[in-house]
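Please look through the structure shown here together with its sequence, and follow the account below as a first guide to it.

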Amino acid sequence: MAKKKIKPICGKNGKNSSSWEDVAPVLKKIWDWKPKKANMDLFNQYIKETLAKKELIIESARRFGTPQYILDEEKLESRVKLFCGAFRRYIKNSYFFYAFKSNDLPWQIKKVKEMGMKADVSGLFELQLALKIGFDKIIFTGPGKDNEELTLAIKNCDRVIINIDNINELERLSDLCKSDELLKKNKNKVRVGFRINPDNLIMQTWSKFGIDPIELKKAIEIVNKNKNLEWQGIQFHCSWNMNPSKYLKNIKIVSQLLMSLPKEYLVNLKFIDIGGGFYPEGTANLAKYMPKGTLVESLKEQCDDPSRDFGFNPLEIVNEETEPIENFASEISEELKKLFGTLGKELDVFLEPGRFISLHSSMIVVRVMSVKNERSVITDGGVSMVGDYRYEIEFAPIINLNNPSYDLTKKIIYGPTCDPNDYFGKQYFGQGIKEGDLLAIPNQGAYTFSCAWKFIKPIPPYVLMTKNKVLLIKKRESFENRYGACKF
Ligand SMILES: Cc1ncc(COP(=O)(O)O)c(C=O)c1O
C-alpha cells in the first residue's frame, strides 16, 4: 500500500499551529497541570519518606555542599530485592544484569553485585568498570562497538558475552577472533548472543538496534564458520513498559524465529535475554499536554495506517498506571514456558533492568539561590545534573525541606545555567520558598548522574545515605578532572 504523505500540523481552523490561539490553551494546561489522584497518593508517600530523612539530608548538604546527588542505601536494596525477588519466584533460572547506563556510580554497581546482580555494559568505560569491580558474568550490548571494545571483551571472554548488534560488527569480531595474538591468551570460545529487533520489519523508531530477523540465519552461519565463536543466545530490548504486553509479543516472535531455523543451529542455544525497560511506578508524565506530545498525537492521527506501530502509544504514555512488577514476572514466565515447550529445552533467562533499580534509589538536593519574583526561583543545581529536558514532560516531586507541605504551590524552580529551559518543574510541595531553602527531589537516580552535562557547572558530588549517617562516595568534579587532559 502506498503511504500517504504526512500533512503539515494545522490548528483548529486549518491555520498554522504556531498561532497564539492554539498555543495559549496548551501553555495554560501546562501551568495548571497537576498529577492524577493515584500519583498524588504515591507522591505523598515519597514526601513522607523524604521528610523522615530530613535531618540527614540537611547534614549532608551542610557537610558536602549543594547541589548534590544522594544515594539511599536502603532504597537501593529494596528495589533490587523487589525486582529480583519477583522474577525469581516465577523463573528459577533467571539472571539479573544491572544496566550500568542507568547509573554508573561505582558504589552502586558494587552494591548491586553484592546483592547477586550481574553486569550489563554498553561501552569501554562500563566494561572496564565491570571487570575492575570483579563481575563474573558481563553482557556487552550496544549498536556501535569499536575494535578496542571488542578486543577487551575477547580478552575477557570467560566473563563477557557479546550481544551482537549487526552483521558488520559480527564480521569485525570474527576477524579479531582469528588473531593469533588474542587466541593464545584465551582457551575459551567467544560467546555471542544476537540482539534482534522484532519490530524492524514493521516500524522505524527502533530500527537502529539489532539484527534484522531475516538476517539471523546468515549471522549464525558466520559464527559457525569461525571455530573460536559460539552462538549462545538471543536478545531483544524494548523501553518504557508499563505492562508486560511488549515482552509477551517479542517472546512469541522469538519463538517463531527460532522454529524457522534448522534444528542443528539451535544446539548451543543457552539463553534468552529479554532486556530492560521495566518502567518504575510513580513517574507522572505530562506528554499529552506538551507541544511535543500534541505533535506526536497529531502525527499519529494523520498517519495513513491506523495500526502503524510507533513503538509506543503516545496516548498511553500519559497513563501513569504501571502494573506491579509481580504481574510482569508471572505473565512473562507463562510465555517463556510456551517458548521452552516449543523448543523442547529450557533456556537461561537474562534480564537487564536499569531504571527500575536506579530511579527511586537516589535524590537530588539543591539550594535556593534567589527568589526572582512571584513566579520563579533560581537554585544552584539544574538540568545539567540529569542531562536532558525531561521535566518538560515528566513530573518530579520537589519538596521544600524548610517549609514542606503535601500541597503543591506554583513556582518555576529554575537551575543556575544560561539556559532558559533549565528548570526542575513548575510546582513544589511546600510553602513560602525563600533564599537558602533546601529542596529535595526524590526519585532522580536513573539516567541522571550517568547522563549529566558538563555544561558550565561542575558535576556535583554523590553522597551515600545509610540508616543513620552520610558519607561522600564521589567528590565534586574538579577543574583538573575536567581540563587536566587538555593542551593549553
Ligand atoms: C540493551 C539495553 N538493556 C537494558 C537497558 C536498560 O533499560 P531500562 O533502564 O529502561 O531498564 C537499555 C536501555 O536503553 C538497553 O538499551
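How many residues surround the ligand, and which are the closest? The ligand is surrounded by 15 residues, and the closest of them are Ala99, Gly276, Glu352, Gly354 and Arg355. In terms of chemical character, this shell around the ligand is made up of four nonpolar, eight polar and three charged residues. The model in which this shell is seen is a predicted one, and the description that follows should be read with that in mind.

Taken as a whole, the protein has 488 residues, of which 38% count as buried, and its secondary structure comes to 15 helices and 19 strands. Among the contacts between residues at least 6 apart in sequence, 73% join residues at least 24 apart.

A good place to begin with the fold is the barrel. Eight strands close into it in the order β2-β3-β4-β5-β6-β7-β8-β10, and the pairing is parallel. From one strand to the next, the twist averages 30 degrees. Strands of a sheet in general pair through backbone hydrogen bonds, either parallel or antiparallel. One of the pairs in this barrel is that of β8, which covers residues 271-273, with β10, which covers residues 348-351; these two pair in the parallel sense over three bridges. Within that pair, Asp273 stands opposite Phe350 in β10.

Elsewhere in the barrel, strand β6 can be followed in some detail, from its neighbours to its side chains. On one hand β6 is joined to β5 by three bridges, the two strands running parallel, and Asn163 stands opposite Gly193 in β6. On the other hand six bridges join β6 to β7, again with the strands running parallel, and the bridge partner of Val192 in β7 is Trp231. In a regular strand the side chains alternate between the two faces of the sheet. In β6, Val190, Val192 and Phe194 point one way, while Arg191, Gly193 and Arg195 point the other way. Are the residues on these two sides of β6 buried or exposed? All of them are buried, and the strand is accordingly described as mostly covered, with six of its six residues buried.

The same strand returns when one turns to helix α10, which spans residues 216-224 and in which Ala219, Ile220 and Val223 are buried. Seen down the axis of α10, these buried residues fall within an arc of 100 degrees, so they line one face of the helix. An α-helix has 3.6 residues a turn, so residues three or four places apart point the same way. On the other side of α10, by contrast, Lys218 and Glu221 are exposed. What covers the buried residues of α10? The cover includes the strands β5 (160-164), β6 (190-195) and β7 (229-235), together with the helix α8 (167-176).

Another part of the model to examine is helix α3, residues 54-64, in which Lys54 is found. Lys54 counts as partly exposed because it has 15 C-beta neighbours inside 10 Å. Although Lys54 and Asn402 are 348 residues apart along the chain, their C-alpha atoms are separated by 9.4 Å. In the loop between α3 and β1 (68-72) lies Pro67, and a cis peptide bond, with omega of about -5 degrees, joins Thr66 and Pro67.

The last region to visit holds strands β17, β18 and β19. Four bridges join β18, residues 462-465, to β19, residues 470-474, and these two strands run antiparallel. They form a hairpin with four residues between them, and in this pairing Leu464 stands opposite Leu471 in β19.

The loop between β17 (438-441) and β18 contains Tyr447, which has a positive phi of about 55 degrees although it is not a glycine. Tyr447 is buried, because 20 other C-beta atoms lie within 10 Å. Ile456 also has its place in the loop between β17 and β18, and its phi is near 70 degrees, a positive value in a residue other than glycine. Is Ile456 buried or partly exposed? With 13 other C-beta atoms within 10 Å, Ile456 is partly exposed.

Note on methods:
Residues are numbered from 1 along each chain as its sequence is written. This is a predicted model: local features need pLDDT of at least 70, side-chain atom pairs count only at pLDDT 80 or more; totals for chains, interfaces and linings use all residues. A residue is near a molecule or strand if its C-beta atom, placed from the backbone, lies within 6 Å of it. Ala, Val, Leu, Ile, Met, Phe, Trp, Tyr, Cys and Pro count as nonpolar, Asp, Glu, Lys and Arg as charged, and the others, Gly among them, as polar. Two strands pair if DSSP finds at least two bridges between them. Axes are lines fitted to C-alpha atoms, for helices over the stretch in contact, and angles run from 0 to 180 degrees between N-to-C directions. A residue is buried if 20 or more other C-beta atoms lie within 10 Å of its own, exposed if 12 or fewer, and partly exposed in between; C-beta atoms are placed from the backbone. The arc is that of the directions from the helix axis to the C-beta atoms. Two residues are in contact if their C-beta atoms, placed from the backbone, lie within 7 Å.
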